[in-house]
Amino acid sequence: MTQVPISWFLTLSAVLFVLGVAGFIFRRSIITMFMSIELMLNAVNLTFITFSYELKQVDGHLFVFFVMVVAAAEAAVGLAIILDVFKNRKTLNIDEVDSMKN
Amino acid sequence: MDVTIFLIFAIIAVLAAINVVVQTHPIASAEFIAAAQVIVYAGAVMVLFVFVIMLLNAGAEARRGRSFMASLLGAPVLIALLALLAWFVERIYPESMGVHFGGFTGGSPQAIGRALFTTYLLPFEITSILVLIAILGAVVLALKEMD
């Protein structure tokens, strides 16, 4: 069985990260932007795991563990905020949530 | 369209099932992270997302109000970013070693637990405080909806 080079993992991680950035910039739905953030976090996690393998160090796994904890906390609070925003404004379009503008 | 999507997912499922049967090393090296990823993301985060999406009953997003600069520069800048990242990767690892199963066995729960409670004890405790704050925040935000 042919082996997958390490650079492929890093390139896959870069592709996933850029897709997350694209989703965050181009989409206007709050939930989609939130999922794009999670996608970026997971792309970075893949990089951590790849370097952890390459350097034969366990530290990358620990960083991924902490990133996942932060992502879970962020999901809990962020989705509660999204619920509140939708309850107050009846919209999920990020352009219409602009009361701090001007 | 439906047939195409069904075939794509069916092929993925069949290939994954074949891999499960054929694979001699069931877990590569990152045992703990693999399990935690499935538990946290499939078990917690995705369920939260699905619940919120069902609760809000969101329709298709509006396709207006896009800024001129974003539509003009967005895609080229992102492609340039991807090209830059890929260029760095290919430059740093021109002929890198292949990843093979069992090449690094340090990702076991024992090793992670040892590092977590010795080297990374302070970050671990700070993270627990962060989770506590997140729980309190989520509860406070949800309480408003009740009264």
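1. Starting with chain B, its elements run α-α-α-β-α-α from the N terminus on. That gives 5 helices and 1 strand in chain B. Please keep in mind while reading that this is a predicted model. Of the 147 residues in chain B, buried ones make up 20%.

2. Over in chain A, a good place to begin is the pair formed by helix α1 (residues 6–26) and helix α2 (residues 30–55). The two pack with their axes 8 Å apart, at an angle of about 165°. Angles over 145 degrees count as roughly antiparallel, and α1(A) and α2(A) are therefore roughly antiparallel to each other. Their crossing is left-handed. By class, the residues in the contact of α1(A) with α2(A) are 18 nonpolar, 6 polar and 1 charged. As background for that split, nonpolar side chains in soluble globular proteins tend to be buried together.

3. Between α2 and α3 of chain A there is a loop, and K56(A) is found in it. This lysine is worth a look for its backbone: phi is near 55°, a positive value in a residue other than glycine. With a relative accessible area of 42%, K56(A) is partly exposed, because the partly exposed class lies between the 20% and 50% cut-offs.

4. Next comes helix α3 of chain A, spanning residues 59–89. How far does this helix of 31 residues reach from its first C-alpha to its last? The answer is 44 Å, close to the 45 Å expected at 1.5 Å a residue.

5. One residue to pick out along that helix is A72(A), whose place is in α3 of chain A. Is A72(A) buried or partly exposed? Its relative accessibility is 27%, so A72(A) counts as partly exposed. A72(A) and E38(A) are 34 residues apart along the chain, and their C-alpha atoms are separated by 9.4 Å.

6. After α3(A) comes K90(A), with a positive phi near 55°. K90(A) is not a glycine either, and its place is in the segment after α3 of chain A. At 62% relative accessibility, K90(A) counts as exposed, because the cut-off for that class is over 50%. It may be handy to view K90(A) alongside K56(A), since phi of K56(A) is also near 55°.

7. Now for the largest nonpolar core, which has 29 residues. Which residues touch the most other members? They are I31(A), L62(A), I82(A), V52(B) and L56(B). At least two residues of this core come from each of α2 and α3 of chain A, and likewise from each of α2 (31–56) and α4 (109–117) of chain B. The largest share, 12 residues, is supplied by α3(A).

8. Last, a glycine in chain B. Where does G106(B) lie? It sits in the loop between β1 (98–99) and α4 of chain B. Its relative accessibility is 17%, so G106(B) counts as buried; the cut-off for buried is under 20%. For a sense of scale, G106(B) and A13(B) are 93 residues apart in sequence and, from C-alpha to C-alpha, 29 Å apart in space.

Terms used
Residues numbered from 1 in each chain as written. Chains lettered and ligands numbered in written order. Predicted model: local features only at pLDDT ≥ 70, side-chain atom pairs only at ≥ 80, totals over all residues. Heavy atoms only, no water. Axes fitted to C-alpha atoms, helices over the stretch in contact; angles between N-to-C directions. Helix = DSSP H or I, 4+ residues; strand = E, 2+ residues; numbered from the N terminus. Parallel < 35°, antiparallel > 145°, perpendicular 65-115°, else oblique. Left-handed = near helix turned anticlockwise from the far one by under 90°. Nonpolar A, V, L, I, M, F, W, Y, C, P; charged D, E, K, R; others polar. Expected span 1.5 Å × (residues − 1). Core = buried A, V, L, I, M, F, W, Y, C linked by side-chain atoms within 4.5 Å. Buried < 20%, exposed > 50% of the residue type's maximum accessible area, 1.4 Å probe, protein only.
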